[in-house]
Amino acid sequence: MPEYGKGTSAGTAVAELGRADVDDALVRLAGKVLRTPVIRSEQLDAACGARLWLKAENLQHGGSFKVRGALLAVEHLAAAGSRGVVAQSTGNHAIAVALAARAHALPALIVLPDDAPGTKVRRIREAGAHVTFAGTALAERIAVVAELRERHGYDVVDPYNDPRVVAGQGTATAELLSQTAAQGVRLDSVVVPVGGGSALAGACLAAGHGTRVMGAEPENVPAFTAAQRAGGPVTVPARHTVADGLRPDRIGDLPYALARPDSTRVLTVGESAITDALQTALWLARLLVEPAAATALAAALVHAREAGAGTDIGVLLTGGNVEPALVTRLLAHTAPAGRRPAGGTDAGVLSA
């Protein structure tokens, strides 16, 4: 697998990465990550006019799919004799790197934005990593990572541009496709949230050309949409978004190249639609997800009503590390009519 960032360009890394790397990652991660269930809800399907297949990575170790890529990358570094690791993140990648480093008895230094959610900060520290805060922009965190790498001689686990991270993230989509295929279903599309781009890139690797991959990003931080318009990654003004996991103000070079920018469609989602989708996941699928995951569900609900969307749509619910205060605030409002199941639950679990 190419070592992007060590004399290898994004173009070269793209040429050398493929579905085989995702398949290899599936083998390497077997027994180390959960094969999370796929959830169905009859009421949710009825509401959007299609069948939604929800991959519940909110139930994954560390609370998100990010552990897949982090484990793969840190395992490789540990085998190569790494002295320690350093990573920047808005939260979930940092949790995953901290857990992976602990599993390999490596020290971990984590760089977070100043306003990182308290729940995620606590989980990182509980895993034994040291946390440093650096502004709110991606460039500020990257600068501190470079300083820490130079000072300590640690290896960087990049959340977007590390080929092993991308391949590892792709295993979530690969599992989803396998689990639905076991039910005799070929997904028409898979919707994934977009922050720095590793989920989207991994999904493109896993799906190949048989299933359409669509992205979903907050309209307040439209990094991929801006990159498509500019013809390459650009830094966008990062306005506040409830989807803290999707706050990177620039798409990664490698994910942008892997995601077939000329053909991949990314929907932008408003703040109210994100919180509405979070409540929808809770009431109709009995899944507590974080706003980043809800962003994908919100986009899927829009996409499902479009002409030509197909009948079967996969949704990667990437994480569940949500702030209790946000959940409390949302639960203080009565669920809209028709959103709360009348009795019991209509959610079904497919654990193929």
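Okay, let's start with a definition: two strands pair if DSSP finds at least two bridges between them. Keep that in mind, and keep in mind too that this is a predicted model.

So, here's a case of it. Strands β8 and β9 run parallel and are joined by five bridges. If you want one spot to look at, find Ala216, which has Leu267 of β9 standing opposite. Now go to the other partner, β7, which covers residues 189-193 and pairs with β8, again in the parallel sense and over five bridges. There, Val192 is opposite Gly215 of β8. How does the chain get from β7 to β8? The route goes through helix α9, residues 198-207, and this β-α-β crossover is right-handed.

Is β8 mostly enclosed or mostly open? Six of its seven residues are buried, so the rest of the structure largely encloses β8.

That takes us to the nonpolar core. The largest one has 40 residues, and the members touching the most other members are Leu52, Leu54, Val191, Leu287, Leu297 and Leu317. Several elements supply at least two residues each, among them β8, β9, α12 and α14. Which one gives the most? That's α13, with ten residues.

Let's zoom in on Leu297. Skipping its neighbours within four places in sequence, Leu297 contacts Leu44, Leu52, Leu54, Ala277, Ala281, Val315 and Leu317. And there's a second core, separate from this one, with 32 residues, including Ala98, Val121, Ile124 and Val157.

Next, α14, because helices have a nice trick: an α-helix has 3.6 residues a turn, so residues three or four places apart point the same way. In α14, the buried residues are Leu326, Val327 and Leu330. They span an arc of only 100° around the axis, which puts them on the same side of the helix. What do they pack against? Helices α12 and α13. On the face turned away from that buried side, you'll find the exposed residues Ala325, Thr328 and Arg329.

While we're here, have a look at Thr275, which sits in helix α12. Is Thr275 buried or exposed? Its relative accessible area is 18%, and buried means under 20%, so Thr275 counts as buried. Leaving out residues up to four places away in sequence, Thr275 touches Val242 and Leu330. You've just met Leu330 as one of the buried residues of α14.

Last stop, another sheet. This one is open, with four strands in the order β5-β4-β3-β6 and parallel pairing. Which strands stand at the edges? They're β5 (130-133) and β6 (155-156), and each has a single partner strand, so one side of each has no neighbour in the sheet. For β6, pairing with β3 (residues 85-88) is parallel and takes two bridges. Val86 has Val156 as its bridge partner in β6.

Two helices pack on this sheet. Helix α5, residues 92-103, touches β3 and β4, and its direction makes about 170° with that of β3. Helix α6, residues 118-126, touches β4 and β5, and its direction makes about 145° with that of β5.

So, if you take a few things back to your desk: β8 has parallel partners in β7 and β9, α13 gives the most to the largest core, and α14 has its buried residues on the same side. That's it from me, thanks!

Notes
Residues are numbered from 1 along each chain as its sequence is written. This is a predicted model: local features need pLDDT of at least 70, side-chain atom pairs count only at pLDDT 80 or more; totals for chains, interfaces and linings use all residues. Side-chain values use heavy atoms; hydrogens and water are left out. A nonpolar core is a set of buried Ala, Val, Leu, Ile, Met, Phe, Trp, Tyr and Cys residues joined through side-chain atoms within 4.5 Å. Buried means under 20% relative accessible area, exposed over 50%, partly exposed in between (1.4 Å probe, protein chains only). Contact means heavy atoms within 4.5 Å. A crossover is right-handed if, with the strands pointing away from the viewer, the path from the first strand over the helix to the second runs clockwise. Axes are lines fitted to C-alpha atoms, for helices over the stretch in contact, and angles run from 0 to 180 degrees between N-to-C directions. The arc is that of the directions from the helix axis to the C-beta atoms.
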